[in-house]
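Student: Could you take me through one part of this protein slowly, at the level of single side chains? I would like to see how its pieces connect to the rest of the chain.

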Amino acid sequence: MLAVVLLQGCSTIKLAYNQAPDLTYWWLDGYVDFNDQQTPKVRDGIAALFAWHRSNELPKVAVWLQKSQALMPQNITPAQACTLYDEARGMVNAITDNAMPALVEWAPTVTADQLLVLQKKQKKTIDEFSSDYITSSPAQRNAKRLKSAVGRSEMVYGRLEVTQIMAIEKSLATSSFDPALALKERVQRQKEGVDMLRKLADTKPAPAAIQATLRAYIARSITSTDPVYRAYADNLVREGCETFAAVHATTTPAQRAKAVQTLKSYEQDVRTLAAQGGS
């Protein structure tokens with residue numbers, strides 16, 4: 001959710017971030033339908049998470065954006081792109097770590113009805129993914145992926161030229177993206193998550209045991225225990241870094257200047273938010 005907020009665009013980052021605790025609550029509520037006893041604690045946990053993120057993590061986000069700006073005027077290597085990716089991923093992992101106390105408190109209180117709501121929501125996401133990438137035609141899948149990739153690039157560089165869009169299209173055509181493998185992993189992780197929550201609710205172990213269980217599950221979600229999928233996921237990241245570097249190499253001086261301007265606007269908004277404290 002934080003990633004979504006920070007990618008909305010410089011004109012809306014401050015507004016979206018200040019509303020993010022409420023947006024996050026309603027997003028999570030859509031998955032489990034919190035009851036009256038859980039709601040106050042969940043809201044308090046989300047508020048504490050965002051207070052910590054504003055004061056501790058937003059300055060790091062600003063530094064990351066500043067570092068990204070410095071790379072924009074020149075060609076970028078795949079290794080440099082992957083370094084930026086790894087740093088961003090580390091910041092996301094830090095959010096999960098800080099949310100752990102709230103997760104430990106909530107997990108054993110989940111009800112059977114809430115697990116049904118969660119499973120229904122999971123099925124919906126699976127059906128949507130299947131519709132987009134499994135049952136659709138190859139042309140439809142490619143068009144959707146191309147539109148998404150072009151949209152992400154244009155958020156930074158402004159309007160792309162036809163030759164640049166063709167470069168992205170060529171990269172996607174040779175991508176190792178495997179929707180069936182991705183779907184299998186997603187279904188497995190979702191089932192494990194439901195089973196884990198059901199067991200925690202039934203047995204209600206000590207907080208330390210709950211935390212260990214949650215951390216193990218999150219670790220498996222980040223780095224799959226399936227060596228085939230793990231290699232596949234690593235390969236996708238590598239390809240993504242290569243594609244970013246290749247597309248950036250085709251950008252014009254004006255587009256690179258636009259990228260610097262865009263990232264600078266993000267940085268300024270992020271620094272303003274960090275300076276506002278809890279206001």
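Tutor: Happy to, and what follows is a close look at a helix pair, beginning with the disulfide. Please keep in mind that this is a predicted model.

The structure holds one disulfide, and the bond joins C82 to C241 with an S to S distance of 2.0 Å. In general terms, a disulfide is a covalent bond between the sulfur atoms of two cysteines. Here the two partners come from distant parts of the chain: C82 belongs to helix α4 (residues 78–106), C241 belongs to helix α10, and their positions lie 159 residues apart in sequence. About the S-S bond the angle is 110 degrees, and the link of C82 and C241 is right-handed. C241 counts as buried because its relative accessibility is 5%, under the 20% cut-off.

Let's stay with helix α10, which covers residues 227–249. Two of its tyrosines, Y229 and Y232, are three residues apart, so about one helical turn separates them. The structure holds eight aromatic pairs. Y229 and Y232 form a tilted pair, because their ring centres are 5.5 Å apart and their planes meet at 55 degrees; the tilted class runs between 30 and 60 degrees. Both tyrosines are on the buried side of the 20% cut-off: Y229 has a relative accessibility of 18%, and Y232 has 9%.

Now move along the chain to helix α11, residues 253–275. With 23 residues at 1.5 Å a residue, α11 should span 33 Å, and its end C-alpha atoms are indeed 33 Å apart, so the expected and modelled spans agree. Several α11 residues are buried, among them R256, L263, Y266, E267 and D269. Just after α11, G277 takes a positive phi of about 65 degrees.

E267 is worth pausing on. This glutamate sits in helix α11 and is buried, with a relative accessible area of 3%. What does its side chain join? A polar contact of 2.7 Å links the side chains of E267 and Q69. Setting aside neighbours within four places in sequence, E267 is in contact with A62, L65, Q66 and Q69.

To put the two links side by side, the disulfide ties C82 to C241, while the polar contact joins E267 and Q69.

Note on methods. Residues numbered from 1 in each chain as written. Predicted model: local features only at pLDDT ≥ 70, side-chain atom pairs only at ≥ 80, totals over all residues. Heavy atoms only, no water. Helix = DSSP H or I, 4+ residues; strand = E, 2+ residues; numbered from the N terminus. Expected span 1.5 Å × (residues − 1). Buried < 20%, exposed > 50% of the residue type's maximum accessible area, 1.4 Å probe, protein only. Polar contact = N/O pair within 3.5 Å; in protein donor to acceptor, adjacent residues only side chain to side chain. Contact = heavy atoms within 4.5 Å. Phe/Tyr/Trp six-rings, centres within 6.5 Å; stacked < 30°, edge-to-face > 60°. Disulfide = S-S within 2.5 Å.
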